[in-house]
Amino acid sequence: MYETGELVWIPQGTVLHRKWSENDNLFSPISVTAKPQIGVYAGQNKRGYSRVMIDSKIWEIDNKEIRYFTQNKKEVCYG
């Protein structure tokens with residue numbers, strides 16, 4: 001799928017979950033992307049969410065929402 005450190009593309013309208021700690025089972029603050037974002041893939045958890053760094057913060061995003069980042073805007077690459 002994705003390797004740690006790869007650039008990923010997150011579409012507009014994606015829900016981003018931020019956790020306070022790894023032991024917390026509840027999602028804390030959330031955010032919704034107002035425009036497409038580019039992030040750095042930081043790993044995956046057991047619940048089917050990817051950890052992605054956007055603007056120096058780690059967010060958890062549903063795996064089906066992220067794509068490989070490409071320079072070609074007409075090309076969509078699924079992981």
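**Exercise 1. Find the partner of D62 in a salt bridge, and classify both residues by exposure.**

Step 1. D62 pairs with K64, and their closest N and O atoms lie 3.9 Å apart. A salt bridge here is a side-chain nitrogen of Lys or Arg within 4 Å of a carboxyl oxygen of Asp or Glu.

Step 2. The model is predicted: local features need pLDDT of at least 70, side-chain atom pairs count only at pLDDT 80 or more, and totals for chains, interfaces and linings use all residues. Residues are numbered from 1 along each chain as its sequence is written, and side-chain values use heavy atoms, with hydrogens and water left out.

Step 3. Apply the exposure classes: buried is under 20% relative accessible area, exposed is over 50%, and partly exposed is in between (1.4 Å probe, protein chains only). D62 has a relative accessible area of 25%, so it is partly exposed. K64 reaches 61%, so it counts as exposed.

Step 4. Count by the salt-bridge rule: the total is 1.

**Exercise 2. Describe the strand content and the burial of the protein chain.**

Step 1. Take helices (H or I, at least four residues) and strands (E, at least two) as DSSP runs, numbered from the N terminus. The chain has 8 strands and 0 helices. Its pattern along the sequence is β-β-β-β-β-β-β-β.

Step 2. The chain has 79 residues, and 33% of them count as buried.

Step 3. The accessible surface is about 5,400 Å², with 51% belonging to carbon and sulfur atoms. Areas follow the Shrake-Rupley method with a 1.4 Å probe; for residues, only the protein chains shown count as cover.

Step 4. Turn to contacts (heavy atoms within 4.5 Å). Among those between residues at least 6 apart in sequence, 48% join residues at least 24 apart.

**Exercise 3. Which residues make the nonpolar surface patch, and which elements give two or more of them?**

Step 1. Patch residues have over 30% relative accessible area and no salt bridge; nonpolar side chains (Val, Leu, Ile, Met, Phe, Trp, Tyr) are joined within 5 Å, like charges within 9 Å.

Step 2. L7, W9, I38, V40 and M53 make a patch of about 400 Å². Strands β1 (7-10) and β4 (37-44) each give two or more residues to this patch.

Step 3. Look at W9 in strand β1. W9 is partly exposed, with a relative accessible area of 30%.

**Exercise 4. Place M1 and give its C-alpha separation from Y68.**

Step 1. M1 sits in the segment before β1. M1 is exposed, because its relative accessibility is 52%.

Step 2. M1 and Y68 are 67 residues apart along the chain, and their C-alpha atoms are separated by 9.6 Å.
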